[in-house]
Amino acid sequence: MTWLLVCLTLAVASLFYVFYLPGKLFLGPEKTRAAYLRERKEAVYENLRDLNFEYKAGKVPDADYASLKSSLQDEAATLLAEIARLESGVASAPKRPKS
């Protein structure tokens, strides 16, 4: 009987420890779409640098290098275009007249 009580107490304490949420949670700053795109752009640039290094080291065949480089450059161009669109939209957004 004592073992059952000890096991039950331990199970309840474990569940409380795992699932308890404090009153305030720090979720960090909220990311905007532009901030996400800038982070993604940096990741794509880093991938391009890594790909160039691997190619120069002889680890990537010519055909694979060309296709990977092309896809990464296309993604970078898409990201840059969307970043420019967002930034120009924010900077030159016309104010709507009040009705």
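Tyr55 is partly exposed, because its relative accessibility is 30%, and partly exposed covers the range between under 20% for buried and over 50% for exposed. Keep in mind that this is a predicted model.

What does Tyr55 pair with? Its partner is Tyr65, and the two rings are stacked. Tyr65 is a buried residue, because its relative accessible area is 13%. So one ring of the pair is partly exposed, and the other is buried.

A word on how such a pair is described. For two aromatic rings, one gives the distance between the centres and the angle between the planes. Here the centres of Tyr55 and Tyr65 lie 3.9 Å apart, with 15° between the planes. That angle counts as stacked because the cut-off is under 30 degrees. In total, the model has 2 aromatic pairs.

Why does the pair tie together separate parts of the chain? Tyr55 belongs to helix α2, residues 33–56, while Tyr65 belongs to helix α3, residues 62–91, so the link joins parts 10 residues apart in sequence.

Stay on helix α2 for a moment, since Tyr36 sits there too. Tyr36 is partly exposed as well, because its relative accessibility is 43%. Tyr36 and Ile83 are 47 residues apart along the chain, and their C-alpha atoms are 9.7 Å apart.

Now to helix α1, which spans residues 2–19 and includes Leu15. Is Leu15 buried or exposed? Leu15 counts as exposed, because its relative accessibility is 51% and the cut-off for exposed is over 50%. Leu15 also helps make a nonpolar surface patch, together with Tyr17, Val18 and Phe19. The area of that patch is about 540 Å².

Next, the whole chain. How many helices and strands does the protein chain have? There are 3 helices and 0 strands, and the order from the N terminus is α-α-α. The chain has 99 residues, and 13% of them count as buried.

The accessible surface of the chain is about 8900 Å². Carbon and sulfur atoms make up 64% of that surface.

Last, the contacts. Take those in the chain with a separation of 6 or more: 66% of them are between residues 24 or more positions apart. The Tyr55 and Tyr65 pair, at 10 residues apart, bridges helix α2 and helix α3.

Definitions and conventions: Residues numbered from 1 in each chain as written. Predicted model: local features only at pLDDT ≥ 70, side-chain atom pairs only at ≥ 80, totals over all residues. Heavy atoms only, no water. Patch = residues over 30% accessible without salt bridge, like charges linked within 9 Å, V, L, I, M, F, W, Y side chains within 5 Å. Areas by Shrake-Rupley, 256 points an atom, 1.4 Å probe, with all protein chains shown as cover. Salt bridge = Lys/Arg side-chain N within 4 Å of Asp/Glu carboxyl O. Helix = DSSP H or I, 4+ residues; strand = E, 2+ residues; numbered from the N terminus. Buried < 20%, exposed > 50% of the residue type's maximum accessible area, 1.4 Å probe, protein only. Contact = heavy atoms within 4.5 Å. Phe/Tyr/Trp six-rings, centres within 6.5 Å; stacked < 30°, edge-to-face > 60°.
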